[in-house]
Amino acid sequence: MEKLGFLLRPKWLVLAAVALAFAFLCFSVLAPWQLGKNTSTSARNDLITRSVAADPVPISEVLTADGFAADDEWRRVIATGSYVADSDALVRLRSIREKPAYEVITPFVIDGGPTVLVNRGYVLPVEGTSAPDFAAAPTGEVTLNARVRQAEGTSREPIEEDGRLQVYNINPEQIGTAVGVDAIDGYLQLDADQPGGLGLIDLPQTDAGPYLSYGLQWLAFGIMAPLGLAYFVRAELRERRASRAELAAAMSDGPEPMADDQTAREDEEEEFTLPTRREKRARARAASRTAVSSDPRLADRYGKNR
């Protein structure tokens, strides 16, 4: 445990907390978010594919006490009834083929049944973001071919602008309250060339999208985060082990080689000793003979005998 004591230092605690928090976020939030979108997109695509191949059915076959079942979304139905006059609502902030647009919602009373909202299609603004004029829904009894859609949630309250009711979501309860009708949950989206139809809203693309790959990537990141932490811990342990081994090797070594060589050279030098008495007398006699032999020459040169 002493070898792992460095993990209690602040920088290591912060690193561990960040890595573990990121892994938890990947597994509990990010990956489920993307995988959930993949599941819902796949389910929607299956419903659209089945609805394209299926024949339309009377709306009474898919009506329930609460509106429309989720499994019946995008199903083609036939509804006979009449539009409610002067009760249109515009849905703001829509995009059609990458252009800003409004969608027109009008209540529709089914013969012998409840009231349902009908998405009649889209209209494009003509001056900035101002709501354009559009054709009113026909009066009298009409038969519609449409697709069942689920209600949207609410994000903002309805507003009154340019003399028209405008909303941000297709929510039957909110719109019904604003226009004074009691609409069932869910709505109808018109097919092409229907009474009261405006710009046709195309079906969504049925590709799966990148959600599955994104979800798998977040799972991989969640696995890599603790593995990366373990890698750095292992690298730190190896570095500390190498440092300890190097220090131990340095402490166990003897005197430096330079000191050994110097000692050897000192041993090889001759030991200095004082001259003996005999050696002193011999050196004195040699010095006197040298002086005597040089006296005649010096006297001749400098005139000692003159």
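The legends below describe close-up views of a predicted model.

**View 1. Strand S11 and its two pairing partners.**
Strand S11 spans residues 183–190. Of its eight residues, seven are buried, so that the strand is mostly covered. Strand S7, formed by residues 115–123, pairs with S11 in the parallel sense, and four bridges connect them. Strand S8, residues 141–149, runs antiparallel to S11 and is likewise joined to S11 by four bridges. Leu-188 of S11 serves as a reference point in this view: Val-118 stands opposite Leu-188, and Leu-188 is also the bridge partner of Val-148.

**View 2. Surroundings of Thr-41 in helix H1.**
Helix H1 covers residues 10–53 and includes Thr-41. Thr-41 counts as buried because its relative accessibility is 13%, which falls under the 20% limit. The side chain of Thr-41 comes to 2.7 Å from the backbone oxygen of Lys-37. When residues up to four places away in sequence are not counted, Thr-41 touches Asp-207, Ala-208 and Tyr-211.

**View 3. Asn-169 in the loop between S10 and H2.**
Asn-169 belongs to the loop that lies between strand S10 (164–167) and helix H2 (172–179). With a relative accessible area of 14%, Asn-169 is buried. The side chain of Asn-169 makes a polar contact of 2.7 Å with the side chain of Ser-155. Neighbours within four places in sequence left aside, the residues in contact with Asn-169 include Glu-152, Gly-153, Thr-154, Ser-155 and Arg-156. Val-91, Arg-94, Gln-174 and Ile-175 are also among the contacts of Asn-169.

**View 4. Salt bridges of Asp-72 and Glu-73.**
The structure contains 10 salt bridges, and two of them are described in this view. Asp-72 and Arg-75 meet through their side chains in a salt bridge with an N to O distance of 3.4 Å. Asp-72 is buried at a relative accessible area of 15%, whereas Arg-75 is partly exposed at 32% relative accessibility. Glu-73 forms a salt bridge with Arg-149, in which the closest N and O atoms are 3.1 Å apart. This pair links distant parts of the chain, 76 residues apart: Glu-73 is in the loop between strand S3 (67–68) and strand S4 (76–83), and Arg-149 is in strand S8. Both partners are buried, Arg-149 at 15% relative accessibility and Glu-73 with a relative accessible area of 16%.

**View 5. The salt bridge between Asp-133 and Arg-164.**
The side chains of Asp-133 and Arg-164 meet in a salt bridge at 3.9 Å, N to O. Because Asp-133 lies in the loop between S7 and S8 while Arg-164 is in strand S10, the pair ties together parts that are 31 residues apart in sequence. Asp-133 counts as exposed, with a relative accessibility of 73%; Arg-164 is partly exposed, its relative accessible area being 25%.

**View 6. A network of salt bridges.**
Arg-94, Glu-103 and Glu-152 are joined into one network by salt bridges that share partners. Side chains carrying opposite charge can pair when their charged atoms come close. Two members of the network, Arg-94 and Glu-152, also appear among the contacts of Asn-169 shown in View 3.

How values were computed. Residues numbered from 1 in each chain as written. Predicted model: local features only at pLDDT ≥ 70, side-chain atom pairs only at ≥ 80, totals over all residues. Heavy atoms only, no water. Buried < 20%, exposed > 50% of the residue type's maximum accessible area, 1.4 Å probe, protein only. Pairing = 2+ DSSP bridges. Polar contact = N/O pair within 3.5 Å; in protein donor to acceptor, adjacent residues only side chain to side chain. Contact = heavy atoms within 4.5 Å. Salt bridge = Lys/Arg side-chain N within 4 Å of Asp/Glu carboxyl O.
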